[in-house]
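This report is meant for someone meeting the structure for the first time. It goes from the chain as a whole to its helices, and then to single residues and their surroundings.

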Amino acid sequence: MSTILKIFAFPASILIICLGISTILGGHITPGGGFQGGAIIAAGFIFCAIVYGSEKTPFKFTHRFMAALESIGAIGYILLGLVGILFSGYFLYNIGVDLYNLLPGVSSVFNYPDAVHAGIIPYLNILIGLKVLVGLSAVVITFLEFKGE
């Protein structure tokens with residue numbers, strides 16, 4: 001790739017990643033959330049991987065790092081679901097909001113004093129964002145590293 005594109009790619013990808021983080025963190029009160037934010041963050045990493053090549057990219061995604069991120073996303077999602085089962089009997093029950101008043105004492109753990117609180121939804125957005133980030137990045141990195149035989 002050209003030198004101008006290499007100079008532009010890294011700062012642009014940092015801005016793209018910041019937009020993805022903002023999308024994930026505001027996903028419970030705005031359109032967007034974990035999937036959209038994870039895809040945007042993956043686009044920032046993929047942009048650098050394509051411009052610099054898989055060997056010289058500033059973001060080094062090792063297999064171990066990607067497996068750890070995906071495991072954190074999957075295990076965290078399951079644990080939040082099990083918290084819902086444990087306290088209410090429903091998988092992924094939003095115990096912070098507690099619309100049906102099943103948990104009067106427990107809901108205060110995830111309850112926030114502002115008007116736009118969403119219980120466990122922001123945590124789910126973060127975990128889903130990790131899963132989507134790794135999934136999309138892994139596909140592109142695999143294609144970039146493939147050398148036809």
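Of the 149 residues in the chain, 38% are buried. The model is a predicted one, and the description that follows should be read with that in mind. The chain holds four helices and zero strands, so that reading along the sequence gives the pattern α-α-α-α. Among the contacts with a separation of 6 or more, 59% join residues that lie 24 or more positions apart.

**Two helices and their buried faces**

Helix α1 covers residues 3-25, and its 23 residues reach 34 Å from the first C-alpha to the last, which is close to the 33 Å expected at 1.5 Å a residue. At Ala9 the helix α1 bends by about 30°, and a proline, Pro11, follows within four residues. Its buried residues are Ala9, Ala12, Ser13, Ile17, Gly20, Thr23 and Ile24. An α-helix has 3.6 residues a turn, so residues three or four places apart point the same way. The buried residues of α1 pack against two other helices, α2 (34-52) and α4 (121-145).

Helix α3 has 26 residues, which should span 38 Å at 1.5 Å a residue, and the 37 Å between its end C-alpha atoms agrees with this. Its buried residues are Met66, Leu69, Gly73, Gly76, Leu80, Gly81, Gly84 and Ser88, and they pack against α4. After α3 comes Gly89, whose phi is positive, near 95°.

**The nonpolar cores**

Which residues touch the most other members of the largest nonpolar core? This core has 16 residues, and the answer is Ile41, Phe45 and Leu133. The elements that contribute two or more residues to the core are α1, α2, α3 (63-88) and α4. A second, separate core has six residues, among them Leu80, Tyr93, Leu124 and Leu127. To return to Ile41, its contacts, leaving aside neighbours within four places in sequence, are Ile17, Gly20, Ile21, Ile24 and Leu133. Of these, Ile17, Gly20 and Ile24 are also among the buried residues of α1.

**Three buried residues and their contacts**

The table sets out three buried residues from separate parts of the description, with the partners they touch when residues up to four places away in sequence are not counted.

| Residue | Relative accessible area | Contacts |
|---|---|---|
| Met66 | 10% | Phe61, Val134, Ser137, Ala138 and Ile141 |
| Ser54 | 19% | Ala49, Leu144 and Glu145 |
| Asn125 | 10% | Ile24, Gly27, His28, Gly33 and Gly34 |

Met66 is found in helix α3, and its relative accessible area of 10% is under the 20% cut-off, which means that Met66 counts as buried. One of its contacts is Ala138, and although Met66 and Ala138 are 72 residues apart along the chain, their C-alpha atoms are separated by 7.8 Å.

Ser54 lies in the loop between α2 and α3. Its relative accessibility is 19%, and because buried means under 20%, Ser54 is counted as buried. The side chain of Ser54 also makes a polar contact with the side chain of Glu55, at 3.2 Å.

Asn125 has its place in helix α4, where it is buried, with a relative accessible area of 10%. Its side chain reaches the backbone nitrogen of Gly34 at 3.3 Å, and Gly34 is also in the list of residues that Asn125 contacts, together with Ile24, Gly27, His28 and Gly33.

**The salt bridge**

How many salt bridges does the structure hold? There is one. Lys131 forms it with Glu70, and the closest N and O atoms of the pair are 3.1 Å apart. The pair links distant parts of the chain, since Lys131 belongs to helix α4 and Glu70 to helix α3, with their positions 61 residues apart.

Are the two partners buried or exposed? Neither term applies, because buried means under 20% and exposed over 50%, while Lys131 has a relative accessible area of 30% and Glu70 is at 31%. Lys131 is therefore partly exposed, and Glu70 likewise counts as partly exposed.

Notes: Residues numbered from 1 in each chain as written. Predicted model: local features only at pLDDT ≥ 70, side-chain atom pairs only at ≥ 80, totals over all residues. Heavy atoms only, no water. Expected span 1.5 Å × (residues − 1). Bend = angle between axes of the 7 residues up to and from the residue. Buried < 20%, exposed > 50% of the residue type's maximum accessible area, 1.4 Å probe, protein only. Contact = heavy atoms within 4.5 Å. Core = buried A, V, L, I, M, F, W, Y, C linked by side-chain atoms within 4.5 Å. Salt bridge = Lys/Arg side-chain N within 4 Å of Asp/Glu carboxyl O. Polar contact = N/O pair within 3.5 Å; in protein donor to acceptor, adjacent residues only side chain to side chain.
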